[in-house]
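Take a look at the model below. The walk-through starts with a pocket and then moves to the rest of the chain.

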Amino acid sequence: SASSSASFPSLKGKTDIIFGAKWDKINAGIGIFHASQDSIYQDQATKKEVGPSVSLFRYSLGIEMGIGENSLEVFGGMGSLTYSNKTASLTSVYGFKEEADKSIFGGGRYFLHTKMGGGLTFVPAVNYSSISMFDSTVTRISGGLGINLRLDGGFFWAGVEGELYSAKNDSFDVDVSGKAARFNFGIEKALIW
């Protein structure tokens with residue numbers, strides 16, 4: 001068995017690369033993120049090096065398109081979390097097997113500009129995510145409506161969002177789901193120029 005000094009490593013060595021391009025009324029970007037870490041130590045009983053390795057990759061793509069005076073933003077991506085062990089069994093040390101977990105996410109929002117005073121803009125939005133980690137999966141589907149209102153040197157925004165969510169863990173026989181709602185608002189204003 002492993003010594004009591006076993007600990008699951010936090011991710012380090014992070015790399016984040018973003019590319020962007022503009023063509024006419026289309027802006028596009030792609031992002032790649034990677035982080036990894038080994039937590040190798042010497043088992044005092046066997047004198048062998050043991051410990052887990054963790055690697056996270058995330059890929060994302062976003063596009064913003066001008067449609068007349070309005071605009072549409074869509075995004076999506078996927079992630080992969082891989083964990084393995086040098087010699088000892090991850091199941092015996094940490095209670096989960098060696099594997100790669102996959103996650104996906106995506107969504108969009110539409111900026112509908114109006115002729116109302118203050119440049120009022122309506123922003124309907126939808127989002128989806130399914131995140132898997134170890135023996136757990138969390139899924140969220142949300143949709144809502146926001147507004148933007150131009151101010152002198154900035155703007156006011158507010159939005160309401162409804163969400164359906166579910167969470168499942170096979171190891172602990174947990175399966176929950178529910179609904180949620182959020183309201184957010186804020187003011188973004190230039191303070192210097």
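**Pockets, patch and salt bridges**

The lining of the largest pocket holds 9 nonpolar, 6 polar and 3 charged residues. Here Ala, Val, Leu, Ile, Met, Phe, Trp, Tyr, Cys and Pro count as nonpolar, Asp, Glu, Lys and Arg as charged, and the others, Gly among them, as polar. This is a predicted model, in which local features need pLDDT of at least 70 and side-chain atom pairs count only at pLDDT 80 or more, while totals for chains, interfaces and linings use all residues. Residues are numbered from 1 along each chain as its sequence is written, and side-chain values use heavy atoms, with hydrogens and water left out.

First, the overall layout. The protein chain has 1 helix and 11 strands. Helices (H or I, at least four residues) and strands (E, at least two) are DSSP runs, numbered from the N terminus. Along the sequence the pattern reads β-β-β-β-β-β-α-β-β-β-β-β. The chain has 193 residues, and 24% of them count as buried. Buried means under 20% relative accessible area, exposed means over 50%, and partly exposed lies in between (1.4 Å probe, protein chains only).

Back to the largest pocket. Its space comes to about 400 Å³. It has 18 lining residues, and the closest to its centre are Arg109, Gly146, Trp157, Ala158 and Gly159. A pocket is found on a 1 Å grid over the protein atoms alone: it is an open set of points where a 1.4 Å probe fits, with protein on both sides within 12 Å along at least five of seven lines, and lining residues have an atom within 4 Å of a point. Grid points are joined across faces, edges and corners, and the volume is the space filled by probe spheres set on the points. Which strands supply at least two residues each of this lining? They are S7 (99-113), S8 (121-133), S9 (136-151), S10 (154-169) and S11 (174-189). S10 gives the largest share, 6 residues.

The second largest pocket holds about 180 Å³ of space. Its lining consists of Leu56, Arg58, Gly79, Ser80, Leu81, Asp101, Ser103, Phe105, Ile131, Ser132 and Met133. Two or more of these residues come from each of S5 (52-67), S6 (70-85), S7 and S8. By class, the lining of the second largest pocket has 5 nonpolar, 4 polar and 2 charged residues.

Now turn to the surface. A nonpolar patch of about 1100 Å² is made by Ile17, Phe19, Ile30, Ile32, Phe57, Tyr59, Leu61, Met78, Ile104, Tyr128, Ile141 and Leu164. S1 (12-23), S2 (26-38) and S5 each give two or more residues to the nonpolar patch. S5 gives the most, with 3 residues. Patches are made of residues with over 30% relative accessible area and no salt bridge; nonpolar side chains (Val, Leu, Ile, Met, Phe, Trp, Tyr) are joined within 5 Å, like charges within 9 Å. Accessible areas come from the Shrake-Rupley method with a 1.4 Å probe, and for residues only the protein chains shown count as cover. One of the patch residues, Ile32, lies in strand S2. Ile32 counts as partly exposed because its relative accessibility is 31%.

Next come the charged pairs. A salt bridge is a side-chain nitrogen of Lys or Arg within 4 Å of a carboxyl oxygen of Asp or Glu. By this rule there are 5 salt bridges.

Glu69 pairs with Lys115 in a salt bridge, with the closest N and O atoms 3.4 Å apart. Glu69 sits in the loop between S5 and S6, Lys115 in the loop between S7 and S8, and 46 residues separate these distant parts of the chain. Are these two partners buried or exposed? Glu69 is exposed, at 57% relative accessibility. Lys115 is exposed too, at 75%.

Arg109, met at the largest pocket, forms a salt bridge with Glu73 (2.7 Å, N to O). Glu73 is in strand S6 and Arg109 in strand S7, 36 residues apart. Glu73 is partly exposed at 24%, and Arg109 is partly exposed at 38%. Val74 also lies in strand S6. The C-alpha atoms of Val74 and Arg109 are separated by 6.6 Å, though the residues are 35 apart along the chain.

A third salt bridge joins Arg182 and Glu163 (3.0 Å, N to O). Arg182 is in strand S11 and Glu163 in strand S10, 19 residues apart. Arg182 is partly exposed at 33%, whereas Glu163 is buried at 10%. Both belong to a network of salt bridges that links Arg140, Glu161, Glu163 and Arg182.
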